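Colleague: Please take a close look at the ligand site and describe what surrounds the ligand.

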Amino acid sequence: MTERPVPRDAAGWAAKVTVLAGGVGGAKLAHGFSLLPEVDLSVVVNTGDDLELHGLAISPDVDTVLYTLAGLANPETGWGLRDETWSAHAMLERYGAPTWFRLGDRDIATHLVRTSRLAAGATPTDVTRELAASLGIRARLLPMADRPVRTRVRTSAGWLEFQAWFVARQHADDALEVRFDGAADARPTDAVLDAVRSADVIAIAPSNPFVSIGTILALPGMAAALLDATAPVVAVSPIVAGAALKGPADRMFESLGGESSALGVARHYAGRYPGLVDGLAIDVADRSLADRIEDLGIAVLVAPTVMRDDGDRARLARDLLDFAGRLTPGTGRASGIR
Ligand code: FO1
């Protein structure tokens, strides 16, 4: 069993951590890593939820990570900005324009800048780097791809655009199938591949495994890059005590086949991406599932995984660093974990 030298303080070198993230759960974990002084952080963000509305290019998960790392996120919703005002929204309502996807005044500024920079020929990677720099973010924030990928969900009402299902219909209909339009023609950006290759630790956030992480892993070459990476890959279960921390992941496990539990998460990753996840962090509430997860060849960390405040976020990030330090990639083995 090789002990990998993941540093615990700023004395020597920085630990290069790459987080695969969706929206709120991904942003919280990324924020936890950003609070650790020894971490050099890259965040690969799902762009399958992107949409165009009012002529604006909106990238919800990128913006959620952006605002969270900048300390600007709305603490109630997790998405959007704190201290937001809604004058533009009220005017849109008066004009009879679509208001099902709520855009705050300050948030609209982000979409205006993104839209005009894209129209001027910048890539999503360029724009995100510029936005992050303007907000004083040190981490590398990386959209998963520069070409458009659009998640679609099939329900009993037919195929729906992701946000039409998620927001307009409040994900009330069961997801029967998921597809990622454009994924086959997209690829992870060079910056994403570099972040995977050069990482000391790769963390899969407690984001939806189907429509956040699944989108990133659907990009040609992405799963292979993770399998080739020298870093251990540790995931955090988004299911705690059988329920999703946020959003419809629990119901999706049932409607798409599987089980809404931390064991279901482990089976999902082990079944669809064999050998990709070396370790899974599960909540203390799910301790009893640890042995059955380890039987799948995935090492287990039992830890508090619900991130209620900054302290929880940083503690989970540190626990994951320690956990990863005890893992040898590709073996699913860890020592002295529980
Ligand atoms: N989520 C909602 O439930 N309702 C909204 O009106 C809404 C608006 C919105 C605007 C900007 C943005 O960046 C995110 C927004 N979200 C909204 C969140 C978003 O739809 C989802 O949480 C993610 O796409 C899933 O990760």
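Modeller: An oxygen atom of the ligand lies 2.9 Å from an N or O atom in the side chain of D49. The model is predicted, and the distances here are computed from its atoms. R102 also meets an oxygen atom of the ligand, this time through a polar backbone atom, again at 2.9 Å. W79 faces a nitrogen atom of the ligand instead, with a polar side-chain atom at 3.4 Å. With a cut-off of 3.5 Å between N or O atoms, these pairs count as polar contacts.

As for cover, the ligand taken alone exposes 530 Å², and the protein buries 89% of that. The space that the ligand takes is the largest pocket.

Now the shell itself. There are 14 residues around the ligand, and those that come nearest are D49, D61, F101, R102 and Q163. D49 and R102 thus appear both in this nearest group and in the polar contacts described above, D49 by its side chain and R102 by its backbone. By character, the shell residues divide into 8 nonpolar, 2 polar and 4 charged.

Two elements give two or more residues each to the shell: α2, which spans 60-69, and α6, which spans 162-168. The largest share comes from α6, with 4 residues. Of the nearest residues, D61 falls within the span of α2, and Q163 falls within that of α6.

To place the site in the whole chain: there are 13 helices and 16 strands. The radius of gyration is 19 Å, close to the 20 Å that the globule rule gives for 338 residues, so the chain is as compact as a globular protein of that length. Along the principal axes, the C-alpha atoms fill a box of roughly 65 × 50 × 35 Å.

Conventions: Residues numbered from 1 in each chain as written. Predicted model: local features only at pLDDT ≥ 70, side-chain atom pairs only at ≥ 80, totals over all residues. Heavy atoms only, no water. Near = heavy atom within 4 Å. Polar contact = N/O pair within 3.5 Å; in protein donor to acceptor, adjacent residues only side chain to side chain. Areas by Shrake-Rupley, 256 points an atom, 1.4 Å probe, with all protein chains shown as cover. 1 Å grid on protein atoms, 1.4 Å probe; cavity = no way out; pocket = protein on both sides within 12 Å on 5 of 7 lines; lining within 4 Å. Sits in = over half its atoms within 2 Å of the grid points. Nonpolar A, V, L, I, M, F, W, Y, C, P; charged D, E, K, R; others polar. Rg over C-alpha atoms; globule rule 2.2 N^0.38 Å.
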